[in-house]
Amino acid sequence: MVGEAIKARRARGLATDNLFYWHSHDGLEVELVVEHGRQLTPIEIKATTSPRPTDLEAIERFRTLAASRAEPGTLVHFGMERATLRGHRLIPWTAVDAIPTLSG
């Protein structure tokens, strides 16, 4: 998924040097953090068709640590549902190029 996000940005002529990976000391990770200006958007990828609140743990920890720089996150999943869960976007993997911070 991260590779597809990078390819989508390159195909649009957008930079990829503002894409990062975040890993905590206790094993939490956010697969993609997009930096745009001073803001950071965490994007988590889960191999599930039914996202649960516990799937947001890494995004929420990242947002706590990044404080005012972090925007609500996006959880990409293998289902088809687009929704909001605890203030974060849920999108299907087929719509990864629709994430605003990835498309422009």
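On one side of helix α1, Lys7, Arg10 and Ala11 are exposed (over 50% relative accessible area with a 1.4 Å probe, protein chains only; under 20% is buried, and partly exposed lies in between). This is a predicted model, in which local features need pLDDT of at least 70, side-chain atom pairs count only at pLDDT 80 or more, and totals for chains, interfaces and linings use all residues. Residues are numbered from 1 along each chain as its sequence is written, and side-chain values use heavy atoms, without hydrogens and water.

Ala5, Ala8 and Arg9 of α1 are buried. Because these residues cover an arc of only 95° around the axis, they sit on the same side of α1; the arc is taken from the directions from the helix axis to the C-beta atoms. Just after α1, Gly13 has a positive phi of about 75°.

Helices (H or I, at least four residues) and strands (E, at least two) are DSSP runs numbered from the N terminus. Six strands make up an open sheet of mixed pairing, in the order β1-β2-β3-β4-β6-β5; a pair needs at least two DSSP bridges. At the edges are β1 and β5, each pairing on one side only. β5 and β6 run antiparallel and are joined by three bridges, and Leu85 stands opposite His88 in β6.

Both helices below touch the sheet, contact meaning heavy atoms within 4.5 Å. Angles run from 0 to 180 degrees between N-to-C directions of lines fitted to C-alpha atoms, for helices over the stretch in contact.

| Helix | Strands | Angle |
|---|---|---|
| α1 (residues 2-11) | β1, β2, β3 | about 15° with β2 |
| α2 (residues 57-66) | β1, β2, β3, β4, β6 | about 165° to β3 |
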